[in-house]
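Good morning, everyone, and thank you for making room for this on the agenda. Please have a look at the sequence and the structure first, and then I will talk you through them.

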Amino acid sequence: IDLDRIDKISKFRGGYGHDFSQGASEHCRSMKHYFWENGGEPGKSHSPAWTTIKYYSPVDGKISFIRTGTDSDGDTEYYFSIVSDQYPSYYFNFYHVNLLSEFQKGGNVKTGQHIGYIPDEYAHGEIAVYPNGLSSAPISFFDVITGELFEEYKKRGAQSIDQFKITKEERDSKPLVCDPNTPDKRFIEEQNFRHP
């Protein structure tokens, strides 16, 4: 994602959004990262618009497992995986994306290739990484990025990859509360972010 347009990033096992622990032996924690854009709160008018924020492929690979949904404006948005060519067990999952038309049915991509945009003024960038296909437990995106890419985060004030994660032990000792009355078990109150 275009880091110059990002204000903060949720921590792995953080408490923003909803329970995202599918495939893990853990529960009531977010095992993906949200990229919160500059310019205010979701749903407000942003200048420049969040819908101009670009997504890029993190690896050489293939866009697969595409599903569609509807964004807040009633337009189609995409959920999909990029399966790495070099490490084919690694799946990079994206959520709420306005995919470029040439990728809406899948296709091959190169590292750094522009693949789409944030779909509306409500959505954040989201990524989850599965090291052994979609049935495995997610790991942090920051556990698989290159040192070269992490330099881009360091230019923006990051000091270590650990700043973007909460350990299982730490989260177990300070559990979150998920609302069972919401379809996706949304978190009650806690948020955990790291500014890039």
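I will go through the pockets, then the disulfide, then the salt bridges, and finally the aromatic pairs.

Let me say at the outset that this is a predicted model, and that the values I quote are computed from it.

I begin with the pockets. The largest pocket has a volume of about 840 Å³, and its lining is made up of 32 residues, among which S57, P58, T111, F141 and L149 are the ones that lie nearest the centre. Which elements supply at least two residues each to this lining? They are the strands β3, at 54-56, β6, at 91-99, and β9, at 125-130, together with the helix α1, at 147-154. Of the contributors, α1 gives the most, with 4 residues. If we sort the lining of the largest pocket by class, we find 17 nonpolar residues, 7 polar ones and 8 charged ones.

The second largest pocket holds about 370 Å³ of space, and 19 residues line it, with H96, Y122, A123, E126 and R186 lying nearest its centre. Here the division by class is 6 nonpolar, 6 polar and 7 charged residues. I would ask you to keep R186 in mind, since that residue comes back among the salt bridges.

Now to the cysteines. The count of disulfides comes to 1, and the bond in question joins C28 to C178, with the two sulfur atoms 2.1 Å apart. Because C28 sits in the loop between β1 (6-10) and β2 (33-37), while C178 sits in the loop between α2 (168-173) and β10 (193-194), this pair ties together parts of the chain that are 150 residues apart in sequence. What is the handedness of this disulfide? The torsion about the S-S bond of C28 and C178 is about 115 degrees, and the disulfide is therefore right-handed. Both C28 and C178 are buried.

Turning to charges, the count of salt bridges comes to 12, and I have picked out three of them. In one, R156 pairs with D4, the closest N and O atoms being 2.5 Å apart. Since R156 lies in the loop between α1 and α2, and D4 in the segment before β1, this salt bridge ties together parts that are 152 residues apart in sequence. As for the surroundings, R156 is partly exposed, with a relative accessible area of 28%, whereas D4, at 55%, is exposed.

Another salt bridge is formed by K168 and D172, whose closest N and O atoms are 2.7 Å apart. These two residues both lie in helix α2, where they are 4 residues apart, or about one turn of the helix. K168 counts as partly exposed at 30% relative accessibility, and D172 is likewise partly exposed, with a relative accessible area of 38%.

The remaining one of my three brings back R186, whose side chain meets that of D184 in a salt bridge at 3.0 Å, N to O. R186 is partly exposed at 38% relative accessibility, as is D184 at 28%. Beyond single pairs, salt bridges that share partners join R13, E26, R29, K168 and D172 into one network.

That leaves the aromatic residues, for which a search of the whole structure finds 14 pairs. In the pair of Y87 and Y90, the ring centres are 6.2 Å apart and the planes stand at 70 degrees, so this pair is edge-to-face. Y87 is partly exposed, with a relative accessible area of 49%, and Y90 is partly exposed as well, at 25%.

F150 and Y153, on the other hand, form a stacked pair, with 6.1 Å from centre to centre and 20 degrees between the planes. Both belong to helix α1, and being 3 residues apart there, they are separated by about one helical turn. Are these two rings on residues that are buried or exposed? F150 is buried, with a relative accessible area of 8%, and Y153 is buried too, at 3%.

Finally, ring pairs link F150 and Y153 with F141, F142 and F164 into a cluster, and F141, as you may recall, is one of the residues that lie nearest the centre of the largest pocket.

Conventions
Residues numbered from 1 in each chain as written. Predicted model: local features only at pLDDT ≥ 70, side-chain atom pairs only at ≥ 80, totals over all residues. Heavy atoms only, no water. 1 Å grid on protein atoms, 1.4 Å probe; cavity = no way out; pocket = protein on both sides within 12 Å on 5 of 7 lines; lining within 4 Å. Points joined across faces, edges and corners; volume = space filled by probe spheres on them. Nonpolar A, V, L, I, M, F, W, Y, C, P; charged D, E, K, R; others polar. Disulfide = S-S within 2.5 Å. Buried < 20%, exposed > 50% of the residue type's maximum accessible area, 1.4 Å probe, protein only. Salt bridge = Lys/Arg side-chain N within 4 Å of Asp/Glu carboxyl O. Phe/Tyr/Trp six-rings, centres within 6.5 Å; stacked < 30°, edge-to-face > 60°.
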